[in-house]
Amino acid sequence: MSKHFILTLSAALCLTTAHAQLAGSYVSRTIAGVFPLGDGGPATSAILETPQAVVADSSGTIYIADAGNGVIRKVSRGIISTVAGYTGYISDLKLDSSGNLYLAGGNNVFKLTSAGKVTTVAGNGTSGTYTGDGGPAINAGFSGAYAIALDSTGNLYICDSGNNAIRKVTPDGIIRTIAGGKGKGFAGDNGPASAAALNYPRHIALDGAGNIYINDYNNNRIRKIALDGTITTIAGNNICCNIQDGAPATNVYLVTGPVTTDSLGNVYVYDIVTSRIRVIAPNGIIQAFAGDGTEGFAGDGSSATLAHFSGVTGLGMDPNNNLYVVDGNNERVRMINSVGSIATVAGRAHFSGDGGAATAATLHRPQGTVTGTDGSIYFTDTANHRVRKIGTDGKITTIAGTGDLGFSGDGGPATQATMSFPDALAIDSTNNLYVIDQKQLRVRKITPTGTISTVAGNGTLAYSTDTRGALQSGFAYLTGIAVDSSGNLYLSENLYNKIKKVTPAGSMSTYAGTGGAPIGTPAFSGDGQAATQAGFGYPSALTVDKGGNLYITDSIGTRIRKVDATTGIVTTIAGTGGCCYSGDEGKATSARIDPYGLTVDAAGGIFFTDPLGIRYIRPDGSITRVSGSSSDFGFAGDDESAGPATLYNYPYGIALNSAGEIIVADTDNSRIRKLQPNDATRMDVVSGNNQTGTTGTALNPIIVKITGKAGAPAGGVNVTFAVTSGTADLSLKTVATDATGQAGITATPTKAGTLTITATAGAFTAKFTATITDPVIVPPPPPADSPVISQGGIGQNGFSVPPVQTISTGAITTIYGSNFMAAGSAVQINAVAGGQLSSKFAGVCVTVGGVRAPIFAVATTQITVAIPTLSPGAVPVQVLRNCDDSANQLKSNVITVNAQASSPEFLYLQANANGQNPVAAVSATDGAFIGTEGSIPGANLHPAKSGDILVVYALGLGATSPAQQDGVPAPGIANAALPVNVTIGGVQLAATDILYAGVSPSYIGLYQINLRVPAGVAAGNQPMLLTVGSNQSPTGGYLTVE
């Protein structure tokens, strides 16, 4: 079931509110970037994010694994929509002849039916295992089910990438290995595939005859498994660097990407080396099929041979031999038709907004960020190949880069230069910007007047040579940059495991790192020694403090290290060498970290990003999380206290401005975010002042609210409560404000008189007063009468006329009578506690067939319960008051009711005396209730129409699969065990129009039917009937149709 089909009806049940988490002392706001998906509009206007795979059917409908957005998307007749959402990562998808989608994700393969039902077809969900051959595929262990293929007889083939194996699941669900699985390597050509060695197979395809083609990724080859099980290499030889066309494919060097086939026996592969799609003909000759060898984006509307691609992640062929290309870095799906012309069919550039408000602009994976002396913010719009600026007026402009990949423009305007994935940034005291032009292996300088030049790197991938100087040297991948007050640059040469220092004159020296032994080998060593004698593991982000001390992100070592400017000695200031997110509020050197970007504040503290947010190393050496969860990725928390509820998605760059605001490049959310300090500026009384009370009884809660200087509630502020006159017991003495800025306690007076309680937070105080008296002693009431259940007083809660007076497993049912509690007692509402609704509440129990039923609420004249699991038949019901108190327990009369396998009944938006009631139905498209507009004051209603997807709420569908535990909120979807049929206006819904019928997740006793309104239903209030098994709902319900 797609998450897009699960809705909630807020009026149906009352839910308990979770305790708010403590927030930080900042407020989070997005200052640049929006991300409109574009569903319902032209696919070429939609935004895709790291799309991974595509599949097309014979009608031209395509499905896309839009991995970065966590959805499966469908393009039909040029219009894009979302058909399913997911957590995790989907890397491949395929379509079977019945229209079912198979999805490869993590360590599982899933099946998504056209009705929206999801099942697991392979994988037990464990990571890194290689188990299960010969048994059910759902019990098998994988180490990355990266890619899949289907044949015409229903066999499923899986690239078990980390286990270096190809595995096959037959239609009966049994799995076995058909190639590899013997450890990584290259061996076995011309022999049985089951004895061969593979090295991280990542893509797989079949031809029309059933031959299997594998991208043997780390062997840089395409290999074929013939029908007789023999494996051969058909392309690639792993010997650099012959890339010629027109030669036998086995003589050519390839770095293999996705692979697919056509109906003519040709095999297509994306060659990462040449940025081309190449084709291997049946005679074994390789030719360029698409792309001119230039990485980038170009060529739409012309011959595919002139196109530019960047980071192709998927290929798919439709039955008409149209080739679909997932152009990953360009965030598009493109199609090459049978005559060789290329066009985009889904996705667009993630770039817009220059000259307007930055909050309305689109960005593409920004990485580096710095602030200027005037308050401007600069960032690398990395996948847009630009450097952009957010002015103090909030408007965004491009200051470097045209958006095309390349290297050009030195000596001229930076806006006319080309760059290739710029990432880390640094800024000096005169506002010169230094940017790592990542793929060009250079450092480029942008002056305040807008001129660009190269200050380090000759564009060659090679270990740097100090004697050549920075400008004439190659580099082995640059990942970090910083500049000190003298204008010296510091560069992380990632693959050389060294930090380089470049003077303003251009001379270069090694500042830290030995380079490894052998050269290029990452290592951790040397703390307490000269930094030049220390080992590093792929050093990355850098920053320099006002004293010239250099801080280094030691990536493989998962540490942050410091090089003292005076002594040159290196030490670790954070991290143990273990990943990832533990140790907050302890010593930073004892914490587990996963550092990305970092910056230093005026006090010498270090802010750094990790995949989940922002942490801070205090000057005293302790560590804390400033913002972000310790476990969850996502995007949430704007304009709220920046605490653990604020979600990020691999933020990278981080900077501080003069106001103490934290600027963060939230990379995979494609946004720039700002954390504004929100120190307390005001304390207000929320509730609890001027009360009256009695000794020994708790007063109403005493609550204050703290507002910060950002104008938002200030979370995480400690408030101290103290009794300043009178006497009372306080529930707590110190409470931290929650995300709403509120903190509160309860007080129980112990002496009559005037009680004063004072709340204090820093310089702010608030006083609460109460007048306390001793309680009036009331003689005990006479013994309570026994409870009585009325004849015919047991009925289901749907309010049909006449009521449904049968019961079934899981049904919400009310028992009417008298003396269920003492006269005058207030209604008692139960709440889920410890994950379950209790079956003893307010001293009352209800037995149904001898089993205690979970209780929702108790009043003197009625009790609402959830019927426990039971079998059909005559069932006795009894109420017990003072339950389990043998000396005082009172029992009601016993009423026998008829239990059925189901007792279906719709919930209604209104309960009318004539029994004609509008069913509780919600549009899955806009969340509006279904009904006649204006018929319910204040409600958002509109009629349904043919084809609408609705969520209809009901009771009494009976048992489910999987079964529900009595009194426990439904943990997820579970289908009704009995067949479910629905008619609207006399038109019976087809099975395919009932998308889901079962429990409503997170509720007890509530069911929902997700359905599609069929064609042929007349306009007006049409009677609606629900049949579950052999039982039918009352006839009074109707659905308004236009």
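1. Residues 649–678 are a convenient place to start. Over this stretch the chain is 0% helix and 50% strand, and the C-alpha atoms at its two ends lie 23 Å apart. UniProt lists these residues as "repeat: NHL", in an unreviewed entry. The model is a predicted one, and the percentages and the distance are computed from it.

2. The secondary structure of the whole protein chain comes to zero helices and 87 strands. For residues 649–678, the helix share is likewise given as 0%.

3. On overall dimensions, the C-alpha trace of the protein chain spans about 100 × 80 × 50 Å along its principal axes. The radius of gyration is 34 Å; this agrees with the compact-globule expectation, because a globule of 1042 residues would have a value near 31 Å.

4. How much of the protein chain counts as buried? The share is 54% of the 1042 residues, where buried means under 20% relative accessible area. The accessible surface comes to about 40500 Å², and carbon and sulfur atoms contribute 52% of that area.

5. Contacts can be sorted by sequence separation. Taking those in the protein chain with a separation of 6 or more, 50% are between residues 24 or more positions apart.

6. Turning to individual elements, strand E4 (residues 71–76) pairs with strand E5 (residues 79–85) in the antiparallel sense, over six bridges. Serine 76 has isoleucine 79 in E5 as its bridge partner. Two residues lie between the strands of this hairpin, and in it arginine 77 takes a positive phi near 55°.

7. In which order do the strands of the open four-stranded sheet run? The order is E6-E7-E8-E9, and the pairing is antiparallel. Strand E6 (90–95) and strand E9 (118–122) are the edge strands; each has a single partner strand, so one side of each is left without a neighbour in the sheet. From one strand to the next, the twist averages 30°.

8. Within that sheet, E6 and strand E7 (residues 101–105) run antiparallel and are joined by five bridges. One residue pair in this pairing is leucine 93 with its bridge partner leucine 103 in E7. As a general point for reading such strands, side chains in a regular strand alternate between the two faces of the sheet.

Terms used. Residues numbered from 1 in each chain as written. Predicted model: local features only at pLDDT ≥ 70, side-chain atom pairs only at ≥ 80, totals over all residues. Heavy atoms only, no water. Pairing = 2+ DSSP bridges. Axes fitted to C-alpha atoms, helices over the stretch in contact; angles between N-to-C directions. UniProt positions renumbered as here; feature names shortened; annotations may be inferred. Rg over C-alpha atoms; globule rule 2.2 N^0.38 Å. Buried < 20%, exposed > 50% of the residue type's maximum accessible area, 1.4 Å probe, protein only. Contact = heavy atoms within 4.5 Å. Areas by Shrake-Rupley, 256 points an atom, 1.4 Å probe, with all protein chains shown as cover.
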